[in-house]
Amino acid sequence: MPEKGSVPKSDEASDRGGGRWLVAAYRPVSLFSLRMTHATSKGGKTLVVPTPYAVKMALLDACFRRFPPSEAADRARDVFEWLKRRRIRVRPPKHCVVNNTFMKVLDWSREPVSGPFKSTIVYREFAFFQGDDMLVALEASGLNDEERSILEQLFAHINSLGKRGGFWQFAGSEILNATPPFGFTVPRPEATLEQVASYAMTQALDDFGEGLCAAADGFDRVSTYGSGKVRLGEHRILTATAIPYRRRSSSRHFTWYQRVPDPLQ
């Protein structure tokens, strides 16, 4: 379990009717990178938090490590139904330094005579976190004890979020009987006055769209081995989300962000 007090408590007003959330804690063990949806392949600006879409897909992927092969696919379909419309919020670590770098990679060549690949230069960003754990909160209202227990187990089987190599160490989970408090991400339309005034960063985070949630073949669309496509704006939607970070310093090579303090503390 996370250390006592690792999940901030909401004020009394938030505790009333705030619902129930399952909160998992993760410690960063490598650099994080998750390219923005509209970034080009050669200009990969990164998000600073995993998106709801990425977290849900990580939980579906974890089914194939948690359950035996004979039942993993059916379990994943069940988990998809539990997850698809649920909200997800993230509290990033206290400090984040985004490093800017250029890398040499292999790309498909437009001149087959010279071979299938050619060397090219791309721009990439990598986020380094420090200070405390990242908290991922999943709306858990309406889940029964068995469903909640399975989701807790799946959170424990997640060790990577973002691009390949973005490793995290699971540090425990607990139930929060309130709305996630100040310091968690929140869609701009749902932000409180304190969050609007304090959160200085906004990023477009993707999530399951209503077209995917309502589709009879929704799971097959997100499955690597299923049929159907996931279309942006229909099955995968972007939401302007307030991130609890403020820029502290920057140069040509890096940008340093710090999580904003709770104004009520």
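Start your tour by selecting helix 2 and helix 4, which sit roughly perpendicular to each other because angles of 65 to 115 degrees count as that. This is a predicted model, by the way. Helix 2 covers residues 52–66 and helix 4 covers residues 145–156; their axes are 8 Å apart and the angle is about 90 degrees.

Now show the side chains where these two touch. On helix 2, pick Val-55, Leu-59, Ala-62, Cys-63 and Arg-66. On helix 4, pick Leu-151, Gln-153, Leu-154 and Phe-155. Colour them by class and you'll get 7 nonpolar, 1 polar and 1 charged residues.

Keep helix 4 on screen and add helix 3, residues 69–83. What is the angle between helix 3 and helix 4? It's about 105 degrees, and the axes of these helices are 11 Å apart. That makes this pair roughly perpendicular, too.

Zoom in on the contact. From helix 3, select Arg-75, Val-79, Trp-82 and Leu-83. They meet Glu-146, Glu-147, Ile-150, Leu-151 and Leu-154 of helix 4. Sorted by class, this contact has 6 nonpolar and 3 charged residues, with no polar ones. Spot Leu-151 and Leu-154 here: both also belong to the contact with helix 2.

Next, go back to helix 2 and find Lys-56. Which side chain does Lys-56 meet in a salt bridge? Select Asp-207: the N to O distance is 2.9 Å. Lys-56 is in helix 2 and Asp-207 is in strand 9, so this pair ties together parts that are 151 residues apart in sequence. If you fancy hunting for others, the whole structure has 16 salt bridges.

Last stop: the largest pocket. Turn on a surface and look for about 930 Å³ of space. To find its centre, select Met-57, Ala-58, Asp-61, Val-222 and Thr-224, the closest of the 34 lining residues. Which element gives the largest share of the lining? That's helix 2, with 8 residues. Helix 3, strand 9 (201–208) and helix 7 (218–222) are also on the list of elements that each supply at least two lining residues. Try one more colouring by class: the lining has 18 nonpolar, 7 polar and 9 charged residues.

Definitions and conventions. Residues are numbered from 1 along each chain as its sequence is written. This is a predicted model: local features need pLDDT of at least 70, side-chain atom pairs count only at pLDDT 80 or more; totals for chains, interfaces and linings use all residues. Side-chain values use heavy atoms; hydrogens and water are left out. Axes are lines fitted to C-alpha atoms, for helices over the stretch in contact, and angles run from 0 to 180 degrees between N-to-C directions. Helices (H or I, at least four residues) and strands (E, at least two) are DSSP runs, numbered from the N terminus. Angles under 35 degrees count as roughly parallel, over 145 as roughly antiparallel, 65 to 115 as roughly perpendicular and the rest as oblique. Contact means heavy atoms within 4.5 Å. Ala, Val, Leu, Ile, Met, Phe, Trp, Tyr, Cys and Pro count as nonpolar, Asp, Glu, Lys and Arg as charged, and the others, Gly among them, as polar. On a 1 Å grid over the protein atoms alone, a cavity is a set of points where a 1.4 Å probe fits but cannot get out, and a pocket is an open set with protein on both sides within 12 Å along at least five of seven lines; lining residues have an atom within 4 Å of a point. Grid points are joined across faces, edges and corners, and a volume is the space filled by probe spheres set on the points. A salt bridge is a side-chain nitrogen of Lys or Arg within 4 Å of a carboxyl oxygen of Asp or Glu.
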